[in-house]
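Ready for a few exercises? Have a look at the model below, try each task yourself, then read through the worked solution.

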Amino acid sequence: MKVATGEEIKRLDKLAVSLGVKEEILMENAGYSVFSFLKEKFGLTKKFLIFAGSGNNGGDAFVVARLLASFNASVTLFTVSDLTNLKESAKKNFELLKNYPVEILEFESVNRVLLSAIRETDVIVDGIFGTGLNRRIEGKIAELIVEINNSGKPVVAIDIPSGISANTGAVLGVAIKATYTITMGLPKRGFFAFPGCDYVGKIIVSHISYPPELTFSKDISVEIKIVEPYPERPTNAHKGLLGKALFISGSSFYTGAPYFNALSFLKSGGGISFLATTENVSRIVSQRSPEIVQIPLKENMQGAIAKENIEKILEFSKNVDIVAIGSGLSVDDDTEQLVLDVVDKVEKPLIIDGDAITIIARHKEVLKKRKFDTVLTPHMGEFSRLTGVSIDEIKKDKFSALFMAMEEIPHTIVLKGEYTLIGSKGNIYINTSGNPVLGTAGSGDVLVGTIASCIVRKANTVEGTILGAYIHGLSGDLLAKEFREGLTAEDILQNIPNAIRYYWMHYKELEGALYEGL
Ligand SMILES: NC(=O)C1=CN([C@@H]2O[C@H](COP(=O)(O)OP(=O)(O)OC[C@H]3O[C@@H](n4cnc5c(N)ncnc54)[C@H](O)[C@@H]3O)[C@@H](O)[C@H]2O)[C@@H](O)CC1
Ligand SMILES: [K+]
């Protein structure tokens, strides 16, 4: 499903109108979708308290009020801010509403009338601001929002929780903490970025009868994409057929990363995992997992892979289907040489992670020159090094930061975090699996191996990356159903086969499932 900015959705609304789907129809559909949700979720015997602003978000709210009242439901509606400049459709709906049994009040301040209305209601509907929010919310409207948030009542937001930026997820002053958001046309980018993602609650999408060419608009370059699983194992499956990967990772301080890299490749469907690491690390990893084929290498004074191994590694890379470098590696001079040579000379799909990103960030010309499929998997800090943009700036609008990075770096970039973003060829794919369980040491190392196997088994770098990121997050989601704390990268790794089984059974429903949760 495509994910839009406020401007894109306004453009789609206009296009729909130009195709004859008048604004009034769109508004009726928007209101109707919220009404149907309220009816189904809460029933029409409940008390509804609706807040309507002076824009078209308020217009939607008038429709909701009318439809509820037409069933004799108990409805109180507060108009928020001055309605003298209502736009045409909103104005018509406001006038129409006056013929229905709805208590219409003006919001003046957080006074006794308001507090008692909030206390007595069962459900609150937020139609204060939508995509038209263009500045910080202050004064009495800010106070109103705080009061709604403190009420403990379920809040259904129309289109966007008021106060959340549709594009970035920023809170403009203060914002409604919604239990549900019924969003119009398409979901908005801000729902998938922090802190907006904590305000939307469950997302329900209404296409408000857009013609499909708008819903699936090619001009919108951000989307949630659930890809097909890789093909089943062939009957004559043997390890060579299922893909060979070479992991160049680990140093004396990081013995977990190479283990997680190499074993997660096997756990997620890869055939043979080769691990190029120092002799010491190799000994430790082989005791933990004899399934991994070791390529023990000479170690330098810093406990990293010594540079005299470079030729051997490059030579070995010719035998595999994919190479990954960087997890728990090091950033010393030998490692720098190793990373530069691998990025420059390995003619296979390459995943660049961890320290290798830190190194290559200082030598972007090598990265730009690279002609073979490449996936970088930075966390926020590494992404900041890679782009030269501060973490604070990236957090303000991670979508724009990733679009900018893609202009400079012509490869697939996986920006890890809550809702990992996968940028490739000017498009961004939002990964919707995952939860805070995944924020644990070694989790990123498991991601590298999982992406590697999915790339090889799907024979497609971008789709493999999308699939690998989803499976990794799903492993954490399935664990989070049973456990709240205490999960480690080992747990995520061991649960990957379960995540794969789940994905294979349910992937067709997953895009829709996002909107009701797993
Ligand atoms: N345009 C269309 O065709 C459709 C729009 N729809 C609804 O319309 C919404 C967008 O409507 P609008 O563009 O009218 O915008 P909004 O309804 O979001 O509100 C804009 C109004 O709020 C004021 N405002 C903005 N920020 C403020 C702040 N911080 N403090 C106080 N006042 C502030 C603006 O001056 C303007 O009067 C969507 O979110 C959606 O709910 C739907 O009805 C579907 C069709
Ligand atoms: K709203």
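**Exercise 1. A residue in a loop**

Does Lys425 count as buried or exposed, and why?

*Solution.* Keep in mind as you work that this is a predicted model. Start with the neighbour count: Lys425 has 10 C-beta neighbours inside 10 Å. The cut-off for an exposed residue is 12 or fewer, so Lys425 counts as exposed. Next, find its place in the chain: Lys425 sits in the loop between strand 16 (421-424) and strand 17 (427-430). Finally, check the backbone: phi of Lys425 is near 50°, which is a positive value in a residue other than glycine.

**Exercise 2. Two more loop residues**

Work out where Ser209 and Pro195 lie, and say what the backbone does at each.

*Solution.* Take Ser209 to begin with. You'll find it in the loop between strand 7 and helix 7 (212-215). Its phi is positive, about 65°, although Ser209 is not a glycine. Ser209 has 17 C-beta neighbours inside 10 Å, so it counts as partly exposed.

Now go to Pro195, which lies in the loop between strand 6 (180-184) and strand 7 (202-206). Look at the peptide bond from Phe194 to Pro195: it is cis, with omega near 5°.

**Exercise 3. The whole chain**

Describe the protein chain in numbers: how many helices and strands does it have, and what is its radius of gyration?

*Solution.* Count the elements: there are 20 helices and 17 strands. For the radius of gyration, a compact globule of 518 residues would come out near 24 Å, and the protein chain has 26 Å, which agrees. Then try the box: along the principal axes, the C-alpha atoms fill roughly 85 × 45 × 45 Å. As for burial, 53% of the 518 residues are buried. Last, take the contacts between residues at least 6 apart in sequence: 73% of these join residues at least 24 apart.

**Exercise 4. Splitting the chain**

Find the domains and say how far apart their centres are.

*Solution.* The chain is divided into domain 1 (6-220) and domain 2 (244-513). Their C-alpha centres lie 41 Å apart. The contact takes eight residues from domain 1 and seven residues from domain 2. On the side of domain 1 that touches domain 2, you get five nonpolar residues, two polar and one charged.

**Exercise 5. Around the ligand**

Which residues come nearest to ligand 1, and which helix gives the most to the shell around it?

*Solution.* There are 29 residues around ligand 1, and Gly55, Asn56, Asn57, Gly130 and Gly132 come nearest. Sort the shell by type and you get 11 nonpolar, 12 polar and six charged residues. Helix 2 (23-42) and helix 3 (56-70) each supply at least two residues of this shell. Helix 3 gives the most, with five residues.

While you're there, look at helix 3 more carefully. It has 15 residues and reaches 21 Å from its first C-alpha to its last, close to the 21 Å expected at 1.5 Å a residue. Of those 15 residues, 13 are buried, so helix 3 is largely enclosed by the rest of the structure. Right after it, helix 3 is followed by Asn72, whose phi is positive, near 65°.

**Exercise 6. What covers a helix**

List the buried residues of helix 11 and say what covers them.

*Solution.* Helix 11 runs over residues 333-345, and its 13 residues reach 18 Å, close to the 18 Å expected at 1.5 Å a residue. Its buried residues include Asp334, Thr335, Glu336, Leu338, Val339, Val342 and Val343. Among the elements that cover the buried residues are strand 9 (244-248), helix 10 (310-317) and strand 12 (322-325). Strand 13 (350-352), helix 12 (354-360) and helix 13 (364-369) also belong to the cover.

**Exercise 7. Far in sequence**

What separates the C-alpha atoms of Tyr180 and Gly201, along the chain and in space?

*Solution.* Tyr180 is found in strand 6. Along the chain, Tyr180 and Gly201 are 21 residues apart, yet their C-alpha atoms are separated by 4.8 Å. Leaving out residues up to four places away in sequence, Tyr180 touches Phe37, Val156, Gly201, Lys202 and Ile204. Tyr180 is buried, with 23 other C-beta atoms within 10 Å.

Terms used:
Residues are numbered from 1 along each chain as its sequence is written. Chains are lettered from A and ligands numbered from 1 in the order in which they are written. This is a predicted model: local features need pLDDT of at least 70, side-chain atom pairs count only at pLDDT 80 or more; totals for chains, interfaces and linings use all residues. Helices (H or I, at least four residues) and strands (E, at least two) are DSSP runs, numbered from the N terminus. The radius of gyration is taken over C-alpha atoms; the globule rule is 2.2 Å times the number of residues to the power 0.38. A residue is buried if 20 or more other C-beta atoms lie within 10 Å of its own, exposed if 12 or fewer, and partly exposed in between; C-beta atoms are placed from the backbone. Two residues are in contact if their C-beta atoms, placed from the backbone, lie within 7 Å. A residue is near a molecule or strand if its C-beta atom, placed from the backbone, lies within 6 Å of it. Ala, Val, Leu, Ile, Met, Phe, Trp, Tyr, Cys and Pro count as nonpolar, Asp, Glu, Lys and Arg as charged, and the others, Gly among them, as polar. The expected span of a helix is 1.5 Å times one less than its number of residues. Domain bounds come from an automatic or database domain assignment.
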